[in-house]
Amino acid sequence: IRISNSEIQTFKKCRRKWWLSYYRRLKKQDVDLTGPLAFGSRIHLALDIHYTTDEPLLDVWRRLVEADRVLAVMGGYNLIEYDNEADLGRIMLEGYLEWNAEEGIDDNLEIISTEQRLIVPLMDNRVELMAKLDMRVRRKSDNVRLYRDWKTAASFADFIRTSHMSEQMLTYLLIEILQY
């Protein structure tokens, strides 16, 4: 049996959704191009492409937004909402780049991998715990392994206060520890 934190959280929140999504493997036929999930996924993809190819982040964002905008036009989406989200994403990524330059947050990091799927056996190999880590890094100064998990939110205050209790983060930590 292979499980992930996402599956566990879905099961805890709504067993019917878990049954339909994970057991029956049913998916929505249409893809949302606006809203929190679409927005966060687009930001996430832009960061992944930027870090794996060195393509300038805002160029990546522009390309992704233009490609999805064509789909939004064809799908009859509210283009005002789509364009507002695209502008917000650009502003957030500009802020990320400014913060990165000011604080040098990448300077002491070596990227190990992006979007890496890690799997560890549990319970005498009867269960596999799986995670897909956004980015694994090694701090150059002391060789400590770390991971990054890209988040988009209106405010990070709550996340910062509670991240040490996040089941997602704890699952990632457990998998990282069990890898070695």
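Starting from the N terminus, the elements of this chain follow the order β-α-α-α-α-α-β-β-β-α-α. That makes seven helices and four strands in total. Keep in mind as you look around that this is a predicted model.

Let's take in the whole chain before moving to a single residue. Measured out along the principal axes, its C-alpha atoms fill a box of roughly 50 × 45 × 30 Å. The chain has 180 residues, and 32% of them are buried. If you consider contacts between residues at least 6 apart in sequence, 55% of these join residues at least 24 apart. The accessible surface amounts to about 12,100 Å², and carbon and sulfur atoms account for 55% of that area. As for charge, the chain carries 26 positive and 29 negative charges, and the mean positions of the two sets lie 9 Å apart.

Now let's zoom in on Ser113. You will find this residue in strand S2, which spans residues 109-122. Ser113 counts as buried because its relative accessible area is 15%, and the cut-off for buried is under 20%.

What surrounds Ser113? Leaving aside residues up to four places away in sequence, Ser113 touches Asp134, Met135 and Arg136. Within the strand's own stretch of residues, 109-122, there is also a partner for its side chain: the Ser113 side chain makes a polar contact with the side chain of Gln116, at 2.5 Å. For a wider view, pick out Leu45, 68 residues from Ser113 along the chain; the C-alpha atoms of the two are separated by 14 Å.

Key
Residues are numbered from 1 along each chain as its sequence is written. This is a predicted model: local features need pLDDT of at least 70, side-chain atom pairs count only at pLDDT 80 or more; totals for chains, interfaces and linings use all residues. Side-chain values use heavy atoms; hydrogens and water are left out. Helices (H or I, at least four residues) and strands (E, at least two) are DSSP runs, numbered from the N terminus. Buried means under 20% relative accessible area, exposed over 50%, partly exposed in between (1.4 Å probe, protein chains only). Contact means heavy atoms within 4.5 Å. A polar contact is a pair of N or O atoms within 3.5 Å; within protein, one must be able to donate a hydrogen and the other to accept it, and residues adjacent in sequence count only if both atoms are side-chain atoms. Accessible areas come from the Shrake-Rupley method with a 1.4 Å probe; for residues, only the protein chains shown count as cover. Lys and Arg count as positive and Asp and Glu as negative; His and the chain ends are not counted. The place of a charge is taken as NZ of Lys, CZ of Arg, CG of Asp or CD of Glu.
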